[in-house]
Amino acid sequence: MEGQNIKRYECTCVYSHKEAATDIVLVHGLNGHPQATWTASNGVFWPSELLPKTLKDAKVRVLVYGWNADVYTDGQASIASSDMIHEHAQTLLTTLSTERSHERKEQNAIIWVAHSLGGILVKKVCQIP
(Lines give C-alpha, C1' and ligand atoms only; values in the text may rest on other atoms or scores of the structure.)
Protein backbone atom coordinates (compact mmCIF):
# COMPACT_ATOMS: atom_id res chain seq x y z
CA MET A 1 0.00 0.00 0.00
CA GLU A 2 2.03 2.85 -1.34
CA GLY A 3 2.13 5.92 0.86
CA GLN A 4 0.17 4.30 3.68
CA ASN A 5 0.31 6.10 7.01
CA ILE A 6 1.51 3.56 9.57
CA LYS A 7 0.58 4.77 13.05
CA ARG A 8 3.57 4.76 15.41
CA TYR A 9 1.72 3.78 18.62
CA GLU A 10 -1.45 2.06 17.42
CA CYS A 11 -2.78 -0.71 15.21
CA THR A 12 -2.74 -0.06 11.49
CA CYS A 13 -4.54 -2.36 9.07
CA VAL A 14 -2.27 -2.64 6.03
CA TYR A 15 -4.30 -5.22 4.11
CA SER A 16 -7.84 -6.53 4.36
CA HIS A 17 -9.69 -9.19 2.40
CA LYS A 18 -13.35 -8.21 2.07
CA GLU A 19 -14.40 -11.44 3.86
CA ALA A 20 -11.57 -11.55 6.41
CA ALA A 21 -12.05 -14.12 9.17
CA THR A 22 -8.51 -14.05 10.58
CA ASP A 23 -6.29 -11.20 11.74
CA ILE A 24 -2.52 -11.47 11.35
CA VAL A 25 -1.00 -9.03 13.86
CA LEU A 26 2.68 -8.10 13.61
CA VAL A 27 4.36 -6.77 16.76
CA HIS A 28 7.87 -5.30 16.58
CA GLY A 29 10.56 -5.70 19.21
CA LEU A 30 12.94 -3.60 21.25
CA ASN A 31 13.74 -0.22 19.66
CA GLY A 32 11.54 -1.29 16.75
CA HIS A 33 9.04 0.56 14.64
CA PRO A 34 5.76 -0.72 13.12
CA GLN A 35 6.95 0.12 9.61
CA ALA A 36 10.76 0.03 9.70
CA THR A 37 10.90 -3.39 11.41
CA TRP A 38 8.96 -5.03 8.59
CA THR A 39 10.56 -3.13 5.68
CA ALA A 40 13.33 -4.85 3.71
CA SER A 41 16.53 -3.06 2.75
CA ASN A 42 15.11 -2.57 -0.77
CA GLY A 43 12.17 -0.61 0.66
CA VAL A 44 9.55 -3.37 0.38
CA PHE A 45 7.08 -3.27 3.27
CA TRP A 46 6.33 -6.98 3.17
CA PRO A 47 3.18 -7.09 5.37
CA SER A 48 1.23 -5.25 2.67
CA GLU A 49 3.29 -5.91 -0.45
CA LEU A 50 4.33 -9.57 -0.14
CA LEU A 51 2.18 -11.26 2.51
CA PRO A 52 -1.16 -10.79 0.68
CA LYS A 53 0.36 -12.13 -2.56
CA THR A 54 1.78 -15.13 -0.71
CA LEU A 55 -1.55 -15.86 1.00
CA LYS A 56 -3.39 -15.39 -2.31
CA ASP A 57 -7.11 -15.55 -1.57
CA ALA A 58 -6.85 -16.26 2.16
CA LYS A 59 -9.51 -14.35 4.04
CA VAL A 60 -7.24 -12.35 6.33
CA ARG A 61 -6.50 -8.88 7.54
CA VAL A 62 -2.89 -7.86 8.18
CA LEU A 63 -2.28 -5.39 10.99
CA VAL A 64 0.92 -3.91 12.38
CA TYR A 65 1.06 -2.74 15.97
CA GLY A 66 3.36 0.03 17.08
CA TRP A 67 4.36 0.47 20.71
CA ASN A 68 7.02 2.44 22.53
CA ALA A 69 9.77 -0.14 22.89
CA ASP A 70 12.47 2.52 22.91
CA VAL A 71 15.11 2.17 25.62
CA TYR A 72 16.93 5.37 24.77
CA THR A 73 16.11 8.73 23.23
CA ASP A 74 17.60 9.97 20.00
CA GLY A 75 17.47 13.57 21.16
CA GLN A 76 14.58 14.38 18.87
CA ALA A 77 11.08 12.92 18.80
CA SER A 78 11.93 9.66 20.53
CA ILE A 79 11.18 9.34 24.24
CA ALA A 80 12.09 6.15 26.08
CA SER A 81 9.10 4.46 27.71
CA SER A 82 8.94 3.86 31.44
CA ASP A 83 6.03 1.40 31.13
CA MET A 84 6.44 -2.16 32.33
CA ILE A 85 5.68 -5.07 29.97
CA HIS A 86 2.27 -5.70 31.58
CA GLU A 87 1.30 -2.07 30.93
CA HIS A 88 2.33 -2.39 27.29
CA ALA A 89 0.31 -5.64 27.12
CA GLN A 90 -2.80 -3.91 28.46
CA THR A 91 -2.36 -1.14 25.89
CA LEU A 92 -1.94 -3.64 23.04
CA LEU A 93 -5.02 -5.55 24.14
CA THR A 94 -7.11 -2.38 24.46
CA THR A 95 -5.90 -0.94 21.15
CA LEU A 96 -6.45 -4.17 19.23
CA SER A 97 -9.86 -4.76 20.84
CA THR A 98 -10.97 -1.25 19.94
CA GLU A 99 -9.79 -1.62 16.34
CA ARG A 100 -11.48 -5.03 15.95
CA SER A 101 -14.70 -3.75 17.51
CA HIS A 102 -14.72 -0.70 15.25
CA GLU A 103 -14.30 -2.93 12.19
CA ARG A 104 -16.76 -5.55 13.54
CA LYS A 105 -14.05 -8.23 13.50
CA GLU A 106 -14.15 -9.27 17.18
CA GLN A 107 -14.69 -12.92 16.24
CA ASN A 108 -11.70 -13.14 13.91
CA ALA A 109 -9.02 -15.60 14.90
CA ILE A 110 -5.63 -14.00 15.58
CA ILE A 111 -2.27 -15.10 14.25
CA TRP A 112 0.57 -13.31 16.03
CA VAL A 113 3.87 -12.52 14.33
CA ALA A 114 6.33 -11.01 16.77
CA HIS A 115 9.97 -10.00 16.74
CA SER A 116 12.21 -10.11 19.79
CA LEU A 117 10.65 -8.35 22.81
CA GLY A 118 7.41 -8.21 20.81
CA GLY A 119 7.17 -11.97 21.46
CA ILE A 120 7.33 -11.40 25.22
CA LEU A 121 4.67 -8.71 24.84
CA VAL A 122 2.37 -11.08 22.93
CA LYS A 123 2.94 -13.80 25.53
CA LYS A 124 1.90 -11.35 28.25
CA VAL A 125 -1.22 -10.37 26.26
CA CYS A 126 -2.20 -14.04 26.02
CA GLN A 127 -1.98 -14.32 29.83
CA ILE A 128 -4.48 -11.50 30.45
CA PRO A 129 -7.84 -12.98 31.50
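In this predicted model, H17 sits in the loop that links strand 1 to strand 2. Loop or not, H17 is buried, because its relative accessible area of 16% falls under the 20% cut-off. The side chain of H17 reaches the backbone nitrogen of E19 at 2.9 Å. Setting aside neighbours within four places in sequence, H17 is also in contact with D57, A58, K59 and V60.

The strands on either side of that loop belong to an open sheet. Four strands make up this sheet, lined up in the order 1-3-2-4, and their pairing is mixed. Strand 1 and strand 4 take the edges with a single partner strand each, so one side of each has no neighbour in the sheet. From one strand to the next, the twist averages 25 degrees. In general, strands of a sheet are held in pairs by backbone hydrogen bonds, in either a parallel or an antiparallel sense. Strand 2 and strand 3 go for the parallel sense, pairing over six bridges. Within this part of the sheet, I24 has V62 in strand 3 as its bridge partner.

Out at strand 4 is V113. With a relative accessibility of 27%, V113 counts as partly exposed, because that value lies between the 20% and 50% cut-offs. Leaving out residues up to four places away in sequence, V113 touches I24, V25, L26 and V27, along with W38. As for T39, 74 residues separate it from V113 in sequence, and the two C-alpha atoms are 14 Å apart in space.

Two helices lie across the sheet strands. Helix 3 lies across strand 1, strand 2, strand 3 and strand 4, and runs at about 145 degrees to strand 3. Helix 4 lies across strand 2, strand 3 and strand 4, running at about 150 degrees to strand 4.

Helix 3 is worth a longer look. It takes in residues 85-102, and at 1.5 Å a residue these 18 residues should span 26 Å; the end C-alpha atoms are indeed 26 Å apart, so the two values agree. The buried residues of helix 3 are H88, A89, L92, T95, L96, E99 and R100. These buried residues sit on the same side of helix 3, because they cover an arc of only 135 degrees around the axis. The general pattern behind this is that an α-helix has 3.6 residues a turn, so residues three or four places apart point the same way. On the face turned away from the buried side, helix 3 carries the exposed residues T98 and H102. The cover over the buried residues of helix 3 includes strand 1 (11-16), strand 2 (22-27), strand 3 (60-65) and strand 4 (109-114), plus helix 4 (117-127).

After helix 3 comes R104, with a positive phi near 60 degrees. The loop between helix 3 and strand 4 also holds N108. N108 counts as buried, because its relative accessibility of 10% is under the 20% cut-off. The side chains of N108 and D23 are joined by a polar contact of 2.9 Å. Not counting residues up to four places away in sequence, the residues that N108 touches are A20, A21, T22, D23, R61 and R100. One of these, R100, is also among the buried residues of helix 3.

Methods
Residues are numbered from 1 along each chain as its sequence is written. This is a predicted model: local features need pLDDT of at least 70, side-chain atom pairs count only at pLDDT 80 or more; totals for chains, interfaces and linings use all residues. Side-chain values use heavy atoms; hydrogens and water are left out. The expected span of a helix is 1.5 Å times one less than its number of residues. Buried means under 20% relative accessible area, exposed over 50%, partly exposed in between (1.4 Å probe, protein chains only). The arc is that of the directions from the helix axis to the C-beta atoms. Contact means heavy atoms within 4.5 Å. Two strands pair if DSSP finds at least two bridges between them. Axes are lines fitted to C-alpha atoms, for helices over the stretch in contact, and angles run from 0 to 180 degrees between N-to-C directions. A polar contact is a pair of N or O atoms within 3.5 Å; within protein, one must be able to donate a hydrogen and the other to accept it, and residues adjacent in sequence count only if both atoms are side-chain atoms.
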